[in-house]
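Dear colleague,

I am handing over the structure below, and my notes on it follow directly after. Please read them with the coordinates open beside you.

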Amino acid sequence: MKALISNDDGITASGILAAKKAVEDLCDCYVIAPETQQSGIGHALTLYDPLRVNEYTLRDGSIGYGVSGTPTDAVTLALFEIMDEKPDIMISGINTGFNIGKAELTTSGTLGAAIEAASFGIPTIAISLEVTRDDVKFENGEIQIDFDFAGKMLKKLTKIVLKKGFPEGIDLLNL
């Protein structure tokens, strides 16, 4: 089993490593995300600038790929250039800050990445964690955030999705 893990917070964000940690014993994880913070960019694509992919050594010692564009660009490049085959599941997050209101659903880069994967029929989980401190919403791995509960829920749901899939006509779950 293979999982594509991306986000809108950037390749160095703590949440992406928390997502990887939550599911890495269930499947091979490919971490491919924007190089920089991309919150609020929605489902945008980079059209007029060249896209670059750079290999990163993540804080856990594993390899990930940073894309110079948007979350949607990262997922597109993951699916068509970086990964050998379509993943069994895509996880977008764990995002710092929730994505549950009408505005967040259309502007969230986390959901933009998830929508891109789901549009190719890949079962996708977008997961966010509410944070109440403004100074941690755009962290880059330097501030400690407790992702334990979100990680446990992600692992539990990932097991179910990998085993049973989603109901007919559903490709995306937003937590």
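A residue is called buried here when its relative accessible area is under 20%, exposed when that value is over 50%, and partly exposed in between. By that criterion, 49% of the 175 residues of the protein chain count as buried; please keep in mind throughout that this is a predicted model.

On the overall architecture, the protein chain contains five helices and seven strands, and, read from the N terminus, these elements follow one another in the order β-α-β-β-β-α-β-α-α-β-α-β. Among the contacts in the protein chain with a separation of 6 or more, 76% are made by residues 24 or more positions apart. The protein chain has an accessible surface of about 8,800 Å², and carbon and sulfur atoms contribute 52% of that area.

One surface feature that you may wish to look at is a nonpolar patch formed by Leu-45, Leu-47 and Tyr-48, which together have about 430 Å² of accessible area. Tyr-48 is located in the loop that lies between strand E2 (28-34) and strand E3 (53-57), and this residue counts as exposed because its relative accessibility is 78%, where the cut-off is over 50%.

Strand E5 deserves a separate paragraph. This strand covers residues 89-96 and includes Ile-94, and the peptide bond that joins Gly-93 and Ile-94 is cis, with an omega of about 5°. Ser-92 also lies in strand E5, and, because its relative accessibility is 0%, Ser-92 counts as buried. A polar atom of the Ser-92 side chain is found 2.7 Å from the backbone oxygen of Thr-110. Leaving aside residues up to four places away in sequence, Ser-92 touches Ser-6, Asn-7, Thr-110, Ala-113, Ala-114, Ile-125, Ala-126 and Ile-127.

Finally, a word on the cysteines: how many disulfides does the structure hold? The count is zero. Cys-27 is in no disulfide, and the cysteine sulfur nearest to its own, that of Cys-29, is 4.7 Å away; because a disulfide requires a pair of cysteine sulfur atoms within 2.5 Å, this pair does not qualify. The corresponding statement holds for Cys-29, which is likewise in no disulfide and has the sulfur of Cys-27 as its nearest cysteine sulfur. Cys-27 counts as buried, because its relative accessibility is 5%.

With best regards

Note on methods
Residues are numbered from 1 along each chain as its sequence is written. This is a predicted model: local features need pLDDT of at least 70, side-chain atom pairs count only at pLDDT 80 or more; totals for chains, interfaces and linings use all residues. Side-chain values use heavy atoms; hydrogens and water are left out. Helices (H or I, at least four residues) and strands (E, at least two) are DSSP runs, numbered from the N terminus. Buried means under 20% relative accessible area, exposed over 50%, partly exposed in between (1.4 Å probe, protein chains only). Contact means heavy atoms within 4.5 Å. Accessible areas come from the Shrake-Rupley method with a 1.4 Å probe; for residues, only the protein chains shown count as cover. Patches are made of residues with over 30% relative accessible area and no salt bridge: like charges are joined within 9 Å, nonpolar side chains (Val, Leu, Ile, Met, Phe, Trp, Tyr) within 5 Å. A salt bridge is a side-chain nitrogen of Lys or Arg within 4 Å of a carboxyl oxygen of Asp or Glu. A polar contact is a pair of N or O atoms within 3.5 Å; within protein, one must be able to donate a hydrogen and the other to accept it, and residues adjacent in sequence count only if both atoms are side-chain atoms.
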